[in-house]
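Here's a walk through the salt bridges, pockets, cavities and one sheet of a single protein model. Have the viewer open as you read.

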Amino acid sequence: MAGVLRTEIMGSMATPQEPPRRAILRWGLTGALGIILPACSAALASMRPRTNRPVAPAPSRDPMAGLFRTPLPVPSVLRPVSTDGGADRYEITQSVGKQQFRPGVDTEIWGYDGAFPGPTIVARRGRPVIVRHTNNLPAPTVVHLHGGIVPADADGYPVDVLLPAGAPPDAVLAEHAKHGVAGIATGSRDYRYPNDQPAATLWYHDHRMGFTGPQVYRGLAGFYLLRDDAEDNLPLPRGDRDVPLMIADRTFTADGSLFYPWQDPTQRTQGVTVQYHHSGMIGDTITVNGAAWPVLEVKAALYRLRFLNASNARVYQLVLEPAPAGGSPFVQIGSDAGLLPKPVRYDTFAISPGERYDMLVDFSRYLPGTRVLLKNTLGDGSAGYVMLFEVTEQVRDDARVPDVLGPVPAPPPRTEGTADRRFSFMIGPEGVRGPPMVNFETFSVSRIDARPVFGATEIWDLNADPTHPVHLHGAHFRILTRNGRPPEPQDAGWKDTVFLPTGGMRVAVTFSGHRGRYLFHCHNLEHGDAGMMANLDIQ
Ligand SMILES: [Cu+2]
């Protein structure tokens, strides 16, 4: 029976999408020629976004012309089906959908309730949420609440698959599931989230073993906003001035389909073509909330912009152009897992896959009528543009930047001496298909790589060659050193994802959530799928 399920349920999928180069739709300024580079290039060893060499010089007069044509969609907030019994219950159906990333072009996606991003869940600290997911997709799925401190059986361990109703038994999945946490479910599965943690911008996304990259890329991602009283008591922007921004790069084929570099044209086995093995899937089109290069009209007022990098592999360095009078337009109030102790101001900031930056931007520092570009200085050509804000009018605004935000306990001051554990993230040196590894091993569901003690705070030294965005499940951490030096201001809060620099980091991890098996892995999704993951057993 091995492989039968995947053969049958994947058989109804679209035909393989790897297009000839000329068939890739030229929505951007660079076009497609830059996206497939020779596999032997030394640049493949770099995690930096692929430099898409422009095929024509970028227009010098008005680079915005034609690019920013779609109003920014804001995902709808999901209504609970029940609020009885001490928990809010939600239902989500994972299904194939169609949507327009660009006006007039239909693209098939896989989405939560058929949409990308999926519906936003707004949760309250201390109030549990139960989400019943039903799988109507032609493939197994797994749901992970990224940043949530949840019981291990609700964390979306990669082999705890949810099969579509009617899927036949599969020996390979059954064998994998023996090493899982929650086992296999068919049709529907309930995920229970206690929400026993501070207000933060979380997100939920697919985490299926070996297929997380393609399944998130197809659209299985949504916001999960956790609120609490402490945050409510701050004079922060609310309502339509509290805007989640899910940034994700994609490449489209000539017929508007999503391009993904499957190694196996039948899409039954995991893995990407050798050109994308080291870089991960880097797209040439930047989307925000499911629209390519969108436009948001903003009042001349303070806004809360919750930046999430939901890209498979691309790192962004974001700037606003023009900068407002007085400079430093970004005021960070929160990081992955909650508010910072106090606001931090930036001219520019980097965000790697999986990270969140909770920012205030005061558009009253611009004159009404100003068009403000959000640019990515790491991207070439059209990948250098993210979205456009159009400042409309001055309004009454009660929101302001607080002087003090949330209490974050000081981390243990152990910056000298030996760490409790060390983790290295690297791709093996065996040529273009060297295996992505943690501590020189590729992932195995049947091997425990670390056994932290529940309740402990451990000091970890993390190293990467060259750089990787790493994400910890089941616990949050604080940054003690960066490149061997003191942390930077944005490192002050609780983190669950961090872009490891080549000089490494020392972090303090606190295991105060739940006992059980959790992952620690690279959030370059193609690296994770290929084995750059480790198992923690917290006991
Ligand atoms: Cu990686």
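In this predicted model, R127 is partly exposed, with a relative accessible area of 26%. Its side chain meets that of D88 in a salt bridge, at 2.9 Å from N to O. D88, at 13% relative accessibility, counts as buried, since the cut-off for that class is under 20%. The contact ties together distant parts of the chain: D88 belongs to strand 2 (residues 88-102), while R127 sits in the loop between strand 4 (121-124) and strand 5 (129-135), 39 residues apart.

That loop also hosts R125, which pairs with D228 across 103 residues. Here the side chains meet in a salt bridge at 3.8 Å, N to O. D228 lies in the loop between strand 11 (221-227) and helix 4. How do the two ends compare in exposure, buried or partly exposed? R125 counts as partly exposed at 41% relative accessibility, whereas D228 counts as buried at 8%.

A third pair is R314 with D249, whose closest N and O atoms are 3.1 Å apart. R314 is in the loop between strand 16 (302-309) and strand 17 (316-321), and D249 is in strand 12 (residues 242-250), which puts them 65 residues apart. R314 counts as buried at 1% relative accessibility, and D249 is also buried, at 1%. Beyond pairs, there's a network too: R227, E231, D242, R304, R306 and D358 are joined into one by salt bridges that share partners. Searching the whole structure turns up 28 salt bridges.

Now for the empty space, pockets and cavities together.

| Site | Volume | Lining by class |
|---|---|---|
| Largest pocket | about 530 Å³ | 13 nonpolar, eight polar, four charged |
| Second largest pocket | about 410 Å³ | 14 nonpolar, nine polar, five charged |
| Largest cavity | about 60 Å³ | five nonpolar, five polar, two charged |
| Second largest cavity | about 40 Å³ | eight nonpolar, one polar, no charged |

Which residues lie nearest the centre of the largest pocket? They are R125, Q197, P198, A337 and W494, out of 25 that line it. R125 is the residue already met as the salt-bridge partner of D228. Helix 4 (229-232) and strand 19 (338-346) each supply at least two residues of this lining.

The second largest pocket is lined by 28 residues, and M209, G210, F211, Q270 and D529 are the ones nearest its centre. Helix 2 (171-177) and helix 6 (525-529) are the elements that give two or more residues to this lining.

As for enclosed space, how many cavities of 30 Å³ or more does the search of the whole structure find? The count is two. The lining of the largest cavity is made up of P158, H207, R208, M209, G210, T212, H521, C522, L525, G528, D529 and M533. Strand 31 and helix 6 are the elements giving two or more residues to it, and helix 6 gives the most, with three residues. M209, G210 and D529 turn up in this cavity lining and also among the residues nearest the centre of the second largest pocket.

The second largest cavity is lined by I92, I121, V131, H133, V143, L145, Y193, Y204 and Y224. Strand 5 and strand 6 (143-146) are the elements that contribute two or more residues here. By class, this lining has no charged residues.

Finally, the sheet that strand 31 belongs to. Four strands make an open sheet in the order 29-27-31-32, with antiparallel pairing. Strand 29 (497-500) and strand 32 (533-538) are at the edges; each has a single partner strand, so one side of each has no neighbour in the sheet. On average, neighbouring strands are turned by 20 degrees against each other, ignoring direction. Strands of a sheet pair through backbone hydrogen bonds, either parallel or antiparallel. In this sheet, strand 27 (residues 468-472) and strand 31 (residues 516-522) pair in the antiparallel sense over three bridges. Which residue of strand 31 is the bridge partner of V470? The partner is C522, a residue that also lines the largest cavity.

Definitions and conventions:
Residues are numbered from 1 along each chain as its sequence is written. This is a predicted model: local features need pLDDT of at least 70, side-chain atom pairs count only at pLDDT 80 or more; totals for chains, interfaces and linings use all residues. Side-chain values use heavy atoms; hydrogens and water are left out. On a 1 Å grid over the protein atoms alone, a cavity is a set of points where a 1.4 Å probe fits but cannot get out, and a pocket is an open set with protein on both sides within 12 Å along at least five of seven lines; lining residues have an atom within 4 Å of a point. Grid points are joined across faces, edges and corners, and a volume is the space filled by probe spheres set on the points. Ala, Val, Leu, Ile, Met, Phe, Trp, Tyr, Cys and Pro count as nonpolar, Asp, Glu, Lys and Arg as charged, and the others, Gly among them, as polar. Two strands pair if DSSP finds at least two bridges between them. Axes are lines fitted to C-alpha atoms, for helices over the stretch in contact, and angles run from 0 to 180 degrees between N-to-C directions. A salt bridge is a side-chain nitrogen of Lys or Arg within 4 Å of a carboxyl oxygen of Asp or Glu. Buried means under 20% relative accessible area, exposed over 50%, partly exposed in between (1.4 Å probe, protein chains only).
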